[in-house]
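The following exercises concern one protein chain, and each is followed by a worked solution. Please inspect the sequence and the model before reading on.

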Amino acid sequence: MRRLAFIVVVVGVAAALLAGCLALTTRYWVATEPGCQLQGCVGTSVGVSPDSTRVYVTSAENGSSSMTTYNASDGARLWTASYDGRFSTDSPPVGLKVSPDGTKVYATGGGYGTSSDWGTVAYRASDGTQLWVARYSPVSISGGPSGFAMSADGTRLYVTGNVRDNSDVRYTTVAYDTSDGAQLWVALYNYDNFNSSVDEASTIGVSLDGTKVFVTGPSFNATGSTDYATVAYDASDGTQLWVMRYNTGLPGALSDIPRSLGVSPDGTKVYVTGTAETRLGEYATVAYDAVNGTQLWVALYGEDDTYASASSLAVSPDGLKVYVTGWSAPPSSAQRVFTTVAYDTSAGSQLWVAMSKVGAQPFGIVVSPNGRYVYVTGYGLKSGSAAASDAYGTSDGSWQG
């Protein structure tokens with residue numbers, strides 16, 4: 001049940017953040033999902049209503065998936081909706097989005113109805129009534145969706161993931177109209193023109209003006225290692241605008257694996273972060289021009305004799321800083337710590353590095369609306385600790401408790 005407790009504690013942090021609070025060390029409330037009685041019960045994603053009064057959680061257990069809504073102030077359960085059909089246990093719901101006006105909530109996942117179908121479901125936020133279901137049925141084997149995004153105006157949803165056809169694995173991105181779930185377009189990416197290439201989309205983002213969609217993931221190159229492959233699409237019809245590949249070229253680097261993507265508030269830059277898997281490992285963060293894909297800068301982070309692995313990225317509200325979090329640990333030690341790095345977005349200059357006092361394995365990072373604090377959450381350092389959260393001042397990385 002540890003993973004469910006983790007989800008709920010993070011929900012408390014998210015609700016407090018949106019309310020403008022800083023007290024991350026306070027446990028606000030704990031709630032378990034209805035019917036979650038077994039170790040196989042997993043909370044998969046979380047969202048908060050625009051007015052910060054409701055928290056939405058998706059979960060999966062033994063092939064059955066559901067969404068539950070809680071009162072953000074005390075954790076009281078408001079409603080639970082089971083999906084009309086089942087997401088597979090191998091590909092449970094991977095994302096949750098709340099409409100900007102707070103009237104609808106959406107979830108997506110794989111194995112819906114059949115083992116290969118992707119399912120995206122819309123619910124009425126007030127009572128959990130299912131409004132529509134949209135299915136994408138690949139003609140070949142699906143690896144399931146891996147990323148979920150919504151346009152800022154709430155009119156479109158974008159789902160990305162992987163589809164396998166013989167020896168090819170390709171990025172597959174689908175756009176939907178949020179009013180009725182109508183499929184608007186499908187876009188594919190394969191490095192070697194569908195000739196035994198493996199490309200696995202891992203995350204997706206949308207520009208604030210809604211005109212562009214960005215997808216990134218690891219893509220095998222001719223040497224058998226992986227590059228970052230970042231693709232930009234026209235959001236109106238899925239036309240591919242540009243593709244940029246990045247490889248650190250570091251000695252001993254086996255693969256470069258991107259894990260998170262962010263877009264600047266003005267829509268002019270795209271940031272991708274991940275790990276260069278050298279003997280020890282380094283954070284590798286790349287900035288691109290959102291219009292044409294020109295690489296603007298690359299920032300690497302890694303200490304001598306220390307393994308480092310980046311997991312998440314966030315951009316400041318003013319667009320002047322980008323924050324990358326992950327974990328680092330000396331190769332001789334099993335002790336991992338949250339390691340968060342701040343960069344200047346103009347040139348990628350490193351501004352500060354902060355090591356956590358409580359965290360070991362981070363999974364998410366977010367910047368406060370006023371831009372003063374950056375929050376990181378994940379698993380804790382202590383044995384048996386299910387959750388840990390940190391807050392840092394964005395000016396110098398000072399720990400806020």
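**Exercise 1.** What does the accessible surface of the chain come to, and what percentage of it belongs to carbon and sulfur atoms?

*Solution.* This is a predicted model, in which local features need pLDDT of at least 70 and side-chain atom pairs count only at pLDDT 80 or more, while totals for chains, interfaces and linings use all residues. Residues are numbered from 1 along each chain as its sequence is written, and side-chain values use heavy atoms, with hydrogens and water left out.

Step 1. The accessible surface comes to about 16,000 Å², computed by the Shrake-Rupley method with a 1.4 Å probe; for residues, only the protein chains shown count as cover. Carbon and sulfur atoms hold 48% of this surface.

Step 2. Of the 401 residues in the chain, 55% are buried (under 20% relative accessible area, as against over 50% for exposed and in between for partly exposed; 1.4 Å probe, protein chains only).

Step 3. The chain has one helix and 27 strands; these are DSSP runs numbered from the N terminus, helices being H or I of at least four residues and strands E of at least two.

Step 4. Among contacts (heavy atoms within 4.5 Å) with a separation of 6 or more, 48% join residues 24 or more positions apart.

**Exercise 2.** Describe the open sheet that contains β22, and then place S328 within it.

*Solution.* Step 1. The strand order is β21-β22-β23-β24, with antiparallel pairing; two strands pair if DSSP finds at least two bridges between them. The edges are β21 (307–315) and β24 (350–355), each of which pairs on one side only. On average, neighbouring strands are turned by 20 degrees against each other, direction ignored; the axes are lines fitted to C-alpha atoms, for helices over the stretch in contact, and angles run from 0 to 180 degrees between N-to-C directions.

Step 2. Within this sheet, β22 (residues 321–329) and β23 (residues 337–344) are joined by eight bridges in the antiparallel sense. Here W327 stands opposite F338 of β23.

Step 3. S328 belongs to β22 and is buried, at 4% relative accessible area. Its side chain makes a polar contact of 2.6 Å with the side chain of T339 (a pair of N or O atoms within 3.5 Å; within protein, one must be able to donate a hydrogen and the other to accept it, and residues adjacent in sequence count only if both atoms are side-chain atoms). Beyond four places in sequence, the residues that S328 touches include Y307, R336, V337 and M355.

**Exercise 3.** How many residues of β15 are buried, and which strands does β15 pair with?

*Solution.* Step 1. Eight of the nine residues of β15 (residues 226–234) are buried.

Step 2. Nine bridges join β15 to the antiparallel strand β14 (residues 212–220), with S219 opposite D227. The hairpin of β14 and β15 has five residues between the strands, and G224 there takes a positive phi near 95 degrees.

Step 3. Six bridges join β15 to β16 (residues 240–246), again in the antiparallel sense, and V231 has V243 as its bridge partner. Five residues also lie between the strands of the β15 and β16 hairpin, where G238 has a positive phi near 80 degrees.

Step 4. The largest nonpolar core has 16 residues, of which Y158, Y171 and Y233 touch the most other members; such a core is a set of buried Ala, Val, Leu, Ile, Met, Phe, Trp, Tyr and Cys residues joined through side-chain atoms within 4.5 Å. Elements giving two or more residues to this core include β14 and β15.

**Exercise 4.** Is T216 buried or exposed, and what does its side chain approach?

*Solution.* Step 1. T216 lies in β14 and counts as buried because its relative accessibility is 0%.

Step 2. A polar atom of the T216 side chain lies 3.3 Å from the backbone oxygen of A229.

Step 3. Outside four places in sequence, the contacts of T216 include Y171, T230, P258 and V272.

**Exercise 5.** Where is S52 found, and what is notable about its phi?

*Solution.* Step 1. S52 is in the loop between β1 (42–48) and β2 (54–61).

Step 2. Although S52 is not a glycine, its phi is positive, at about 65 degrees.

Step 3. S52 counts as buried, since its relative accessibility is 17%.
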